Amino acid sequence: MSNGMRVDLSAMDEVIRKLWTLLDDMDKAGQTSRYNTEISMDAFGNTCMFREAGDLQSAHKDAKSDLEGAIKSLHDLIDKFGKSTSKVKDKYTEQEYANKNQMGGDTGGSNGGSFAR
């Protein structure tokens with residue numbers, strides 16, 4: 001009898017699947033922030049004669065850059081966590097397979113032959 005703990009591999013699969021879905025969502029958010037949030041100087045009027053137009057454009061570029069950086073950082077974190085979780089799950093799967101084989105696992109029953117070596 002084992003005194004160890006049991007790992008629910010299907011739950012780990014679910015976590016990995018959700019992380020990859022979240023990563024896809026982060027990709028979409030990154031593309032939106034990069035390509036769909038640009039404000040041209042023309043948006044402030046054809047001649048941009050008011051004093052604050054340049055400051056407003058500069059503030060927008062700074063905010064856009066900060067947002068893109070935050071999304072990239074989150075994307076990298078989720079990617080790292082997803083890859084790490086996947087590696088851990090693979091290790092548990094390999095160990096479970098090894099344990100089954102050691103105990104006469106999928107051979108249709110144990111006749112003790114594998115322990116007599």
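1. Fold content. The protein chain has two helices and zero strands. This is a predicted model. Helix α1 covers residues 9–35, and helix α2 covers residues 53–102.

2. Confidence. The average pLDDT of the protein chain is 82. A score of at least 70 is reached by 82% of the residues. Residues 109–117 are another matter: pLDDT stays under 50 there. For that stretch the model has six contacts beyond four places in sequence.

3. Burial and surface. The protein chain has 117 residues, and 16% of them count as buried. Its accessible surface comes to about 9,200 Å². Carbon and sulfur atoms account for 55% of that area.

4. Contact range. Take the contacts between residues at least 6 apart in sequence: 69% of them join residues at least 24 apart. One pair far apart along the chain is methionine 26 and aspartate 76, with their positions 50 residues apart in sequence terms. Their C-alpha atoms are separated by 9.7 Å. Aspartate 76 sits in helix α2. Its relative accessibility is 38%, so aspartate 76 counts as partly exposed.

5. Geometry of α2. The helix has 50 residues, and at 1.5 Å a residue it should span 74 Å. The end C-alpha atoms of α2 are 73 Å apart, which agrees with that expectation. Glycine 104 follows α2 and has a positive phi, near 85 degrees.

6. Nonpolar core. The largest nonpolar core has five residues: Leu19, Leu23, Met26, Ile71 and Ile78. Both α1 and α2 supply at least two residues each. The most comes from α1, with three residues. Leucine 23 shows how the helices meet here. Leaving aside neighbours within four places in sequence, leucine 23 is in contact with His75, Ile78 and Asp79.

7. Buried side of α2. Which residues of α2 are buried? They are Ala53, Gln57, His60, Lys64, Ile71, Ile78, Gly82, Thr85 and Lys89. The list includes polar and charged names, among them Gln57, Lys64 and Lys89. What covers these buried residues includes α1.

8. Threonine 85. Is this α2 residue buried or exposed? Threonine 85 counts as buried because its relative accessibility is 11%, and the cut-off for buried is under 20%. Its side chain reaches the backbone oxygen of phenylalanine 81 at 2.8 Å. Beyond neighbours within four places in sequence, threonine 85 is in contact with Met12, Val15, Ile16 and Leu19. Of these partners, Leu19 is also one of the core residues.

9. Serine 33. This residue belongs to helix α1. At 3% relative accessibility, serine 33 counts as buried. A polar atom of its side chain lies 3.0 Å from the backbone oxygen of glycine 30. Outside neighbours within four places in sequence, serine 33 is in contact with Lys64, Leu67, Glu68 and Ile71. Lys64 and Ile71 are among the buried residues of α2, and Ile71 is also one of the core residues.

10. Points to keep in view. Two buried hydroxyl residues have been described, threonine 85 and serine 33. In threonine 85 the side chain reaches the backbone oxygen of phenylalanine 81. In serine 33 the side chain has the backbone oxygen of glycine 30 at 3.0 Å. Residues 109–117 should be read with their pLDDT, under 50, in mind.

Definitions and conventions
Residues numbered from 1 in each chain as written. Predicted model: local features only at pLDDT ≥ 70, side-chain atom pairs only at ≥ 80, totals over all residues. Heavy atoms only, no water. Helix = DSSP H or I, 4+ residues; strand = E, 2+ residues; numbered from the N terminus. Buried < 20%, exposed > 50% of the residue type's maximum accessible area, 1.4 Å probe, protein only. Polar contact = N/O pair within 3.5 Å; in protein donor to acceptor, adjacent residues only side chain to side chain. Contact = heavy atoms within 4.5 Å. Areas by Shrake-Rupley, 256 points an atom, 1.4 Å probe, with all protein chains shown as cover. Core = buried A, V, L, I, M, F, W, Y, C linked by side-chain atoms within 4.5 Å. pLDDT = per-residue confidence, 0-100. Expected span 1.5 Å × (residues − 1).
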